[in-house]
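Please look over the structure shown here, and then read the briefing that follows, which is grouped by topic for a reader new to protein models.

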Amino acid sequence: MIQTIETMLHNFECGKLTRRQLVLSLATLAAGAQPVPKEKGCRAVSINHITVKVPDLHRTSNFYQEFFEMTLKQHSAKTHILRVGDCFFGIEQGDGEAARVDHYDFGIAGFDADDVRAKLRKLNLKFDSSNSKESFKFYDPDGFQVQVNASDYVGHVG
């Protein structure tokens, strides 16, 4: 496009184009220009939740409910979700190993699962095989498991 504009200016300066022809040509060129599509963002706007895996689900859940006055928001036989303001703290029954942080979750502005997966592919990062449009997990470059979803994600027990 720059070469085209330089050619038009040269023709104008040499008298091959009138001022009116130059202006119309530049306007036509500008009208046909397509903006470069901006890559969609993946801006984290909240830490939606953290989930831990523990040897004794009920003992750990009771501790957090009593000590921090967290209320039980959702639960199943293997998962408890405790309310922490607009966020939550997930506790899952572990598999016999020591207690550990299983994953943390970021709420993403304007979350679009397909766009986030495309960005992860470009970075050659592994993500789960689910086709969920609501939420999914991936591994960061250091091997931490990260979950992403909209900032108003409320979690699910299984």
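In this predicted model, the lining of the largest pocket draws on several strands, with β1 (44–54), β3 (79–84), β4 (87–93) and β6 (135–139) each supplying at least two residues. Among the contributors, β4 gives the most to this lining, with four residues.

**The largest pocket**

- The volume of the largest pocket is about 220 Å³, and 17 residues line this pocket.
- The lining residues that lie nearest the centre of the largest pocket are His103, Lys137, Gln147, Tyr153 and His156.
- When the lining of the largest pocket is sorted by class, nine of its residues are polar, five are nonpolar and three are charged.

**Aromatic rings**

- The count of aromatic pairs in the model comes to ten, and one of them is formed by Phe63 and Tyr64, whose rings are 5.0 Å apart from centre to centre, with 85 degrees between the planes, an arrangement that is edge-to-face.
- Both members of this pair are partly exposed, since Phe63 has a relative accessibility of 40% and Tyr64 has a relative accessible area of 24%.
- In the pair made by Tyr104 and Phe144, the ring centres are 6.4 Å apart and the planes stand at 50 degrees, so this pair counts as tilted, a class that covers angles neither under 30 nor over 60 degrees.
- Because Tyr104 belongs to strand β5 (residues 100–108) while Phe144 sits in the loop between β6 and β7 (145–150), this pair ties together parts that are 40 residues apart in sequence.
- Tyr104 is partly exposed at 24% relative accessibility, and Phe144 also counts as partly exposed, with a relative accessible area of 47%.
- Ring pairs also link Phe63, Tyr64, Phe67, Phe68 and Phe89 into a cluster.

**A charge over a ring**

- Arg117 is placed over the face of Phe136, at a distance of 4.1 Å from the ring centre.

**The two sides of helix α3**

- Helix α3 spans residues 57–67, and the residues Leu57, Thr60 and Ser61 within this helix are buried.
- These buried residues lie on the same side of α3, because the arc that they cover around the axis is only 100 degrees.
- On the face of α3 that is turned away from the buried side, the exposed residues Arg59, Glu66 and Phe67 are found.
- Phe67 therefore appears under two topics, as an exposed residue of α3 and as a member of the ring cluster.

Notes: Residues numbered from 1 in each chain as written. Predicted model: local features only at pLDDT ≥ 70, side-chain atom pairs only at ≥ 80, totals over all residues. Heavy atoms only, no water. 1 Å grid on protein atoms, 1.4 Å probe; cavity = no way out; pocket = protein on both sides within 12 Å on 5 of 7 lines; lining within 4 Å. Points joined across faces, edges and corners; volume = space filled by probe spheres on them. Nonpolar A, V, L, I, M, F, W, Y, C, P; charged D, E, K, R; others polar. Phe/Tyr/Trp six-rings, centres within 6.5 Å; stacked < 30°, edge-to-face > 60°. Buried < 20%, exposed > 50% of the residue type's maximum accessible area, 1.4 Å probe, protein only. Lys NZ or Arg CZ within 6 Å of the ring centre and 35° of its normal. Arc of directions from axis to C-beta.
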